[in-house]
Structures are given as structure tokens and as C-alpha cells.
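The following paragraphs lead the reader through a single protein chain, from its overall form to a few chosen residues. The reader is invited to keep the sequence and the structure in view throughout.

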Amino acid sequence: MALSVREKPLLRELTTLGLGGTALAEAVARAESDLDELSGFFARYGGRPFVLGGGSNILALDADSDLVLVSVRNADLPEAQTASGALVRVGAGLPLPRLLKFCEDAGLSGLESLAGIPGRVGGAVAMNAGSYGAEMKDLLARVRLWTPDRGLFWVEARDCVFGYRHFEAPVGVGRHLIWEAEFSLVPADPAAVRAKARETIKHKKATQPVSARSAGCVFKNPAGKSAGMLLDQAGFKGRRLGGMAFSDLHANFLVNLGGGRSAEALELLDTARAAVLDRFGERLETEVIILS
């Protein structure tokens, strides 16, 4: 299988927020053999490399950029090895909801609190995605990385560094992409796993704009506080500028109402950040990746 390359992809078509101009090129890797061609792809196009998952945590600027994108799409169904526990090995390109559906059907518990999070497995690991107190680091056993110098290799999760929406490969690895992940889960009654996941999604639908064009939470929660609550109290729930707005369901979700522009999004973020700092003395840090 040859590496699939597309020139001048539109970032607004590759991100859930629906913003962004053109990048130089996008390479789509579906098989391990495709990775052998990546170094040549980078050399041919130059520019700044960026590994793009499902685009669900990206605020891309509308101007054209010199980015060269790599999208991992090894989306085969997960493999599970069960004994007293269970190890589930999955490609980074698999959509996270499909992994959760596999775990429900197989009766494997641990990921239910992450139900309703969009994007792909690789991006979820790279951002240490979390929800309702659970994070990817709590379940990750090891991760398979690729670098131009070393090719593919596994690293143990305990040797990686995790933080709030943050993942670092072990020291010395350098620039890399995530190709596969292995999770340590617990065998359970499939009906119980499914019920917990559905309850999580039900709660999120009632409190978050899950069907809107959004990039999820745009600000990180300050220590011991809720960014959404601070924004709400500062009067930003439902605040709109052009085609962009803070959701009227959850103030920490920025949504594209249609025809939104990145300049409007950035102005809203800057205004909200200044207001929260002025009123509460809290400096909000963006959780969304601003891709220029």
C-alpha cells in the first residue's frame, strides 16, 4: 500500500471546529509500509510537520500555512488478550467511539468515562484525553511510536510523562508519531459496561454541545476550579461574535454557528481570558491547539 498524498488540503475540512486555510500537503498512512515513505514526503514538501488525528481539539487559522500534515488511519478493529485482566491493542487511527463500542461488546471496562469524546485513539493519547476524573494515562499500558531514525518501537507507559492534556515520549525519543496503543482493562459484564457508557453520554448531551461544530473545551481548568464556571460567571455563556460563540449549554465550549472565522474565535478567547483574569485573578490557558 502506497502512502496517500494530497496537496493543498483545507484544514476547515479536517477539523471539527470547521476553521482553517490550506496546508502544503497531507500524507495519509494506513499501513506500516507507508511509514517508510514519510521521510521522503517531508523532504519533498518541506514546511512544518504536524500529526493530525481527528482534528477535534484544533483551532486552525484561516490563513494558508506551510504545514505538512500526517494523518494516521490504521483503523483495524482492536485485538484483545484476556486472562485475569485484558490488554487491548489498537491502531492510533481508530476513532475513539469505535474503541469504546468494541469494549462494550467484549465486556471490557475502564474506558466508559471517556464515552462521547470524539477524535481518534492517537490524538486521545497525545492529549491525555480525560473525562469525569478518568484519563488515558490511567489505562495506557504501552504505546508504539514511529520516528524517522528508529522506525517503529514500543515504549512502556510508565516511561512516558503525562500531565493535564499532555503526553511526552521518553527522554531521547524526539519528534514522533503514535502508531498503536495498548490499554489495560478489566473484564466485566457487557451490559454493565454499555450502561455506564450510555449514562456518560446521556449526561454529556444534557450539559455539552456534543452535536455542534466544536473543538471541545477551549480552556484548561485552573487548579481546583472549573474554567466553564468562571466563564459562565463572567458572562460568556452564549456570547457570540460573528459566526463563533461560546455555547449556551457549556461556557467552555467554543462553537462554529456557521461561517465562523478564526479571527472571531481568537477575539472571543482573548476577551474571555482578559475578563476572567480581571474578575477572578485566574489566567486561563488554552486546551485547544491553535494551529497557525
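Of the 292 residues in the chain, 48% are buried. The structure described here is a predicted model, and every statement below refers to that model. The area that the chain exposes comes to about 13400 Å², and carbon and sulfur atoms supply 50% of this area.

The chain contains seven helices and 20 strands. Its radius of gyration is 19 Å, close to the 19 Å that the globule rule gives for 292 residues, so the chain is as compact as a globular protein of that length. Along the principal axes, the C-alpha atoms fill a box of roughly 50 × 50 × 35 Å. Contacts also reach across the sequence: among those between residues at least 6 apart, 65% join residues at least 24 apart. As for charge, the chain carries 34 positive and 34 negative charges, and the mean positions of the two sets are 4 Å apart.

Attention may now turn to one strand and its partners. Strand β11 spans residues 140–147 and is mostly covered, since six of its eight residues are buried. On which strands does β11 pair in the antiparallel sense? One partner is β15, which β11 meets over six bridges; in this pairing, W146 stands opposite L177 of β15. The other pairing, with β12, is likewise antiparallel and has six bridges, and here R142 stands opposite E156 of β12. Together, β11 and β12 form a hairpin with three residues between them.

The loop of this hairpin, between β11 (140–147) and β12 (151–156), holds P148. With a relative accessible area of 47%, P148 falls below the 50% that an exposed residue must pass, and it is therefore partly exposed. Leaving aside neighbours within four places in sequence, P148 is in contact with S39 and R175. The C-alpha atom of P148 is also separated by 8.6 Å from that of L35, although the two residues are 113 residues apart along the chain.

A residue of the partner strand β15 completes the picture. E182 is found in β15, which covers residues 177–187. Is E182 buried or exposed? Its relative accessible area is 9%, under the 20% cut-off, so E182 is buried. Apart from neighbours within four places in sequence, E182 is in contact with L87, V88, R89, L139, L140, A141, R142 and W154. R142, named among these contacts, is the residue that stands opposite E156 in β12.

Conventions
Residues numbered from 1 in each chain as written. Predicted model: local features only at pLDDT ≥ 70, side-chain atom pairs only at ≥ 80, totals over all residues. Heavy atoms only, no water. Helix = DSSP H or I, 4+ residues; strand = E, 2+ residues; numbered from the N terminus. Rg over C-alpha atoms; globule rule 2.2 N^0.38 Å. Buried < 20%, exposed > 50% of the residue type's maximum accessible area, 1.4 Å probe, protein only. Contact = heavy atoms within 4.5 Å. Areas by Shrake-Rupley, 256 points an atom, 1.4 Å probe, with all protein chains shown as cover. Lys, Arg positive; Asp, Glu negative; His and termini not counted. Charge placed at Lys NZ, Arg CZ, Asp CG, Glu CD. Pairing = 2+ DSSP bridges.
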